[in-house]
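Colleague: Before planning any bench work, I should like to go through the side-chain contacts of this protein with you. May we take them one at a time?

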Amino acid sequence: MEMSVFLKKFDKVVKYNKYYKACCPAHNDNTPSLQVWEDKKGYIHFKCYAKCNKNAIYKKLNLTKGDLVTEKARTAFLENKKYIIENSKANNTKINSNQN
């Protein structure tokens, strides 16, 4: 899910430098207390400064932690996985050829 889609789930969204603030859906919030940000790897995070439990927020939004992965993070994960597989195959070939 991209940040723009995630932010549509909240009221009173305000953009700051590197994060957003919004009303928390897990409590009766009139002044935005939920901070939302995307890390450098593309994962979306949030924290309620009224101390709402993250699981309660996920439940109210009908989401899981796995839903907060942007395309950037998904692509990086798949590229890393491909790199690991290709290198492990190359290393196996080198090990097997050295055994002869």
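The exchange below concerns aromatic rings, a surface patch and a salt bridge.

Modeller: Please bear in mind that this is a predicted model.

Colleague: How are the rings of Phe6 and Phe10 arranged, stacked, tilted or edge-to-face?

Modeller: By the distance rule, ring centres within 6.5 Å make a pair, and the count here comes to four aromatic pairs. The centres of the Phe6 and Phe10 rings are 5.0 Å apart. Planes over 60 degrees apart count as edge-to-face. The planes of Phe6 and Phe10 stand at 80 degrees, so this pair is edge-to-face.

Colleague: Which residue has its charged end over the ring of Phe46?

Modeller: Phe46 belongs to one aromatic cluster with Phe6, Phe10 and Tyr58. Within that cluster, Phe6 and Phe10 are both buried. At 5.2 Å from the centre of the Phe46 ring sits the charged end of Lys54.

Colleague: With which residue does Glu71 form a salt bridge?

Modeller: The structure holds one salt bridge. Its two residues lie three apart in helix H3, about one turn of the helix. The closest N and O atoms are 3.4 Å apart, and the partner of Glu71 is Arg74.

Colleague: Is Glu71 buried, partly exposed or exposed?

Modeller: Partly exposed covers the range between 20% and 50% relative accessible area. Glu71 has 44%, so the residue is partly exposed.

Colleague: About how much accessible area does the nonpolar patch of Tyr43, Phe77 and Leu78 have together?

Modeller: One of these residues, Leu78, is in helix H3. Together, the three residues of this surface patch have an accessible area of about 300 Å².

Key
Residues numbered from 1 in each chain as written. Predicted model: local features only at pLDDT ≥ 70, side-chain atom pairs only at ≥ 80, totals over all residues. Heavy atoms only, no water. Phe/Tyr/Trp six-rings, centres within 6.5 Å; stacked < 30°, edge-to-face > 60°. Buried < 20%, exposed > 50% of the residue type's maximum accessible area, 1.4 Å probe, protein only. Lys NZ or Arg CZ within 6 Å of the ring centre and 35° of its normal. Patch = residues over 30% accessible without salt bridge, like charges linked within 9 Å, V, L, I, M, F, W, Y side chains within 5 Å. Areas by Shrake-Rupley, 256 points an atom, 1.4 Å probe, with all protein chains shown as cover. Salt bridge = Lys/Arg side-chain N within 4 Å of Asp/Glu carboxyl O. Helix = DSSP H or I, 4+ residues; strand = E, 2+ residues; numbered from the N terminus.
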